[in-house]
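Let's take a walk through this fold together, starting with a helix and the sheet it rests on. Keep the picture open while you read.

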Amino acid sequence: MTIHRSAADGYAVGAGSYVRGRPGYPPEAARWLRETLALAPGRDVLEIGAGTGKFIPLLRATGAHVLALEPVAAMRARLAQDHRDVTVLDGSAAAIPLADGAVDAVVCAQAFHWFATADALTEMRRVLRPGGVLGLIWNVRDEEVPWVAALTALTDPWEAGTPRYRSGAWRKVFPAPGFVEIGERAVRHAHVGSAAAVIVDRTLSVSFIAALPDAARDEVERQVRALIADTPALAGGGEIAFPYVTRMFAFRRVD
């Protein structure tokens, strides 16, 4: 499977911003891993599109044995550096370097929209054990908040067809042969920190923004900082809360 240019180029240069700017996950995500995906000691879980490892601590906390697959070399290097106890794999969702029935669960955190194809789902089903579970999770911006909607309006013109959760295109591969949906959850979440970290770095970590030429990326950053300065709720210099809705979907392998 070819890596989309926005991911290959943007994440290659934006790993540092990704680590600083991406939010963590709410406590409900940990419960979802234990209750719906049945992760526990003695179980094996593969995260596909693991990036720099933002989701790894939640997987590790279940006690399961964690494997992480990441196709972008710069992200994979940061992942291996920060999570030395995790088995890090080079590959793609359509070419997973594991044997048939190798894991009890496959998780895609903030990633499935990049490889939402029938071939990728077939490959994920291959590496799942009978009855295994595929879990998809995203932190989605809460655009009911006006300044969040304004931020999206600044960045969307640059997306150039980049796959995204918000397009809904990933849903077209479901229902999928060999999988049955077993649940969906949505909870509110917030990324708390300085505006520079949770807004500026978050924006610069977006794949299609990170992949821009320097001058264009600098202009996006200037516009984002101007938005912060012009928004009373953001301009005070203290901690702010970037609102998200965390959305979780689960599908069981059936035979």
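Helix H6 (residues 118-127) lies across five strands: S1 (44-48), S4 (103-109), S5, S6 and S7. Its direction makes about 130° with that of S5. Helix H8 (residues 195-204) packs on the sheet too, touching S6 and S7, at about 55° to S7. Touching, or contact, means heavy atoms within 4.5 Å. The angles run from 0 to 180 degrees between N-to-C directions, with axes fitted to C-alpha atoms, for helices over the stretch in contact. Helices (H or I, at least four residues) and strands (E, at least two) are DSSP runs, numbered from the N terminus.

A quick word on the model: it is predicted, so local features need pLDDT of at least 70 and side-chain atom pairs count only at pLDDT 80 or more, while totals for chains, interfaces and linings use all residues. Residues are numbered from 1 along each chain as its sequence is written, and side-chain values use heavy atoms, leaving out hydrogens and water.

Now for the sheet itself. It is open, with 7 strands in the order S3-S2-S1-S4-S5-S7-S6 and mixed pairing. Strands S3 (87-89) and S6 (179-193) sit at the edges; each has a single partner strand, so one side of each lacks a neighbour in the sheet. From one strand to the next, the twist averages 20°. Strands count as paired if DSSP finds at least two bridges between them. Here are three of the pairings:

| Strand pair | Sense | Bridges | One bridge pair |
|---|---|---|---|
| S1 and S4 | parallel | 3 bridges | Leu46 and Val106 |
| S4 and S5 | parallel | 6 bridges | Cys108 and Leu136 |
| S5 and S7 | antiparallel | 9 bridges | Leu136 and Phe249 |

How many residues of S4 are buried? It's 7 of the 7, so S4 is largely enclosed by the rest of the structure. Buried means under 20% relative accessible area, exposed over 50%, and partly exposed in between (1.4 Å probe, protein chains only).

What about the greasy inside? In soluble globular proteins, nonpolar side chains tend to be buried together. The largest nonpolar core here has 33 residues, and Leu46, Ile48, Phe112, Met124, Leu134, Leu136 and Phe174 have the most contacts inside it. A core is a set of buried Ala, Val, Leu, Ile, Met, Phe, Trp, Tyr and Cys residues joined through side-chain atoms within 4.5 Å. S5 gives the most to this core, with 5 residues. Zoom in on Phe174: leaving aside neighbours within four places in sequence, Phe174 is in contact with Phe112, Leu121, Leu134, Leu136 and Phe251. A second, separate core of 25 residues includes Leu37, Val45, Val66 and Leu79.

Next stop, helix H10 (residues 214-230). Its buried residues are Ala216, Val220, Val224, Leu227 and Ile228. They cover an arc of only 125° around the axis (taken from the directions from the axis to the C-beta atoms), so they are on the same side of H10. Asp214, Ala215, Ala229 and Asp230 are exposed on the other side. The cover over the buried residues includes helix H7 (146-155), H8 and helix H9 (207-210).

Finally, look at Thr155, which is found in H7. Is Thr155 buried or exposed? With a relative accessible area of 1%, Thr155 is buried. Not counting residues up to four places away in sequence, Thr155 touches Arg141, Thr203, Phe208 and Ile209.
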